[in-house]
Amino acid sequence: MRILGLDYGDSRIGVAVSDPLGWTANGLDTVKAKNGFNKAVDEIAEICAKYQPEKVVVGYPKNMDGSSGERIEKTESFIKALLVRNPELDIVRWDERLTSVAAHRTMREIGINTRKKGKGVVDCIAAELILQAYLDSIR
C-alpha cells in the first residue's frame, strides 16, 4: 500500500513516497515544474506508474485563515491535469499550511544549509512532511 505525497509549486514539485506498509514517508525527488506544466505532469505520471500508489496526497495551500486563494486554483489545475493523465488516481487534498516553514526548520536542525542546498530539498522535505502527516492521521 504505497502512497505518494506531492508539494506542488510553480517552479518545483516535491515528491515523497511511503514505505510499502504505508507507515513512513520518504523524500523521493523534485520535479521541475517551470520547464513546462505538461512535462511536469508527465513526470509525476511516470513516478505513479513506477510506484503504483494507492493514493496521491497533494498539499492543499489554504490561506492561514483557512480560506481559499490563488494557490488553490493553481493546485486544482494541476490535480485536474494529473487526473486526465491518470484517471484511476485517488487524490487526497491535504492542508499544507506551514509545511515549508517546518521543512526549513528541519533542514536547519539536521545541519543542512538551506541557502547552499537550494529550494529543491525544501520542496522534497515539504512533500515528506505532508505525506507523513496524512499517514499519521490514518493510523
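This briefing describes a sheet, two of the helices that accompany it, and one residue on an edge strand. The model is predicted, and every value below was computed from it. Its five strands form an open sheet in the order β3-β2-β1-β4-β5, with mixed pairing.

**The sheet as a whole**

- The strands at the edges of this sheet are β3 (25-32) and β5, each of which pairs on one side only.
- From one strand to the next, the twist averages 25 degrees.
- Helix α1 packs on the sheet, where it touches β1, β2, β3 and β4, and its direction makes about 150 degrees with that of β3.
- As a general point, strands of a sheet pair through backbone hydrogen bonds, and the pairing may be either parallel or antiparallel.

**Strand β4 and its two partners**

- Strand β4, which covers residues 55-60, is mostly covered, since five of its six residues are buried.
- With strand β1 (residues 3-8), β4 pairs in the parallel sense over four bridges, and within this pairing L4 stands opposite V56 of β4.
- With strand β5 (residues 91-95), β4 also runs parallel, and five bridges join the two.
- Two positions illustrate the pairing with β5: V56 stands opposite I91, while the bridge partner of G59 is W94.

**Helix α2**

- Helix α2 spans residues 70-85, and because a rise of 1.5 Å a residue predicts a span of 22 Å for its 16 residues, the 23 Å between its end C-alpha atoms agrees with that expectation.
- The buried residues in α2 include I72, T75, E76 and F78, together with I79, A81 and L82.
- Several elements contribute to covering the buried residues of α2, among them the strands β1, β2 (12-18), β4 and β5, as well as the helix α1 (37-51).

**Residue N26 on strand β3**

- N26 has its place in strand β3, which is one of the edge strands of the sheet.
- N26 counts as partly exposed because its relative accessibility is 36%, a value that lies between the 20% under which a residue is buried and the 50% over which a residue is exposed.
- Although N26 and A16 are 10 residues apart in sequence, their C-alpha atoms are 5.3 Å apart in space.
- When its neighbours within four places in sequence are left aside, N26 is in contact with A16, V17, S18, D19 and E128.

Conventions. Residues numbered from 1 in each chain as written. Predicted model: local features only at pLDDT ≥ 70, side-chain atom pairs only at ≥ 80, totals over all residues. Heavy atoms only, no water. Buried < 20%, exposed > 50% of the residue type's maximum accessible area, 1.4 Å probe, protein only. Pairing = 2+ DSSP bridges. Expected span 1.5 Å × (residues − 1). Contact = heavy atoms within 4.5 Å. Axes fitted to C-alpha atoms, helices over the stretch in contact; angles between N-to-C directions.
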